[in-house]
Amino acid sequence: DRLKREKRNGTLEKIGDNLFTLTVDAFDPNEVMHWAKTFIGRIVSVEGGNKTVRELFYKDMLRMKKMYGGEENDDIQ
C-alpha cells in the first residue's frame, strides 16, 4: 500500500504475489535512489537508468550489510 501511495510519478505493475515492478522516469536518478532505499529488505533488483547510480546503490547496500549484518563472530558495538 505504501508503494502505491508514494510511487512518485512512477508506474506500478503487479507481476506476482507481493511482487511489483516500479518504473520511474526521473531527471535525477539519485533522487529516486534516496527514496528507494527506504524500501530496503523489500527490493529484489534495481535495473535501468544510470550505471553509476546503480553501482552506488549496491555499494551502499554492501556497506550497510557490513555495518549492520556483520560476520558471525563480530561483536555488536
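Select Trp35 first: with a relative accessibility of 8%, this residue counts as buried, where buried means under 20% relative accessible area, exposed over 50% and partly exposed in between, computed with a 1.4 Å probe on protein chains only. The model is predicted, so local features need pLDDT of at least 70 and side-chain atom pairs count only at pLDDT 80 or more, while totals for chains, interfaces and linings use all residues. Residues are numbered from 1 along each chain as its sequence is written, and side-chain values use heavy atoms, with hydrogens and water left out.

Keep Trp35 on screen and add Phe39, which is buried at 9% relative accessibility. The structure holds 2 aromatic pairs, a pair being rings of Phe, Tyr and Trp (its six-membered ring) with centres within 6.5 Å, counted as stacked if the planes are under 30 degrees apart, edge-to-face if over 60 and tilted for the rest. The ring centres of Trp35 and Phe39 are 5.1 Å apart and their planes stand at 70 degrees, so this pair is edge-to-face. Select Phe57 and Tyr58 next: their ring centres are 5.5 Å apart with the planes at 80 degrees, so this pair is edge-to-face. Phe57 is buried at 3%, whereas Tyr58 is partly exposed at 38%.

Return to Phe39 and add Arg2, which lies over the face of the Phe39 ring at 4.0 Å from its centre; the criterion is NZ of Lys or CZ of Arg within 6 Å of the ring centre and within 35 degrees of the ring normal. Arg2 also forms a salt bridge with Glu6, at 3.2 Å from N to O, the term requiring a side-chain nitrogen of Lys or Arg within 4 Å of a carboxyl oxygen of Asp or Glu. Both residues lie in helix α1 (residues 2-6), 4 residues apart, about one turn of the helix; helices (H or I, at least four residues) and strands (E, at least two) are DSSP runs numbered from the N terminus.

Now select Lys37 and Asp60, whose closest N and O atoms are 2.4 Å apart in a salt bridge. This pair links distant parts of the chain, with Lys37 in the loop between α2 (29-36) and α3 (51-69) and Asp60 in helix α3, 23 residues apart. Lys37 is partly exposed at 24%, while Asp60 is buried at 11%. Add Arg63, whose side chain meets that of Asp60 in a salt bridge at 3.6 Å, N to O; shared partners thus join Lys37, Asp60 and Arg63 into one network.
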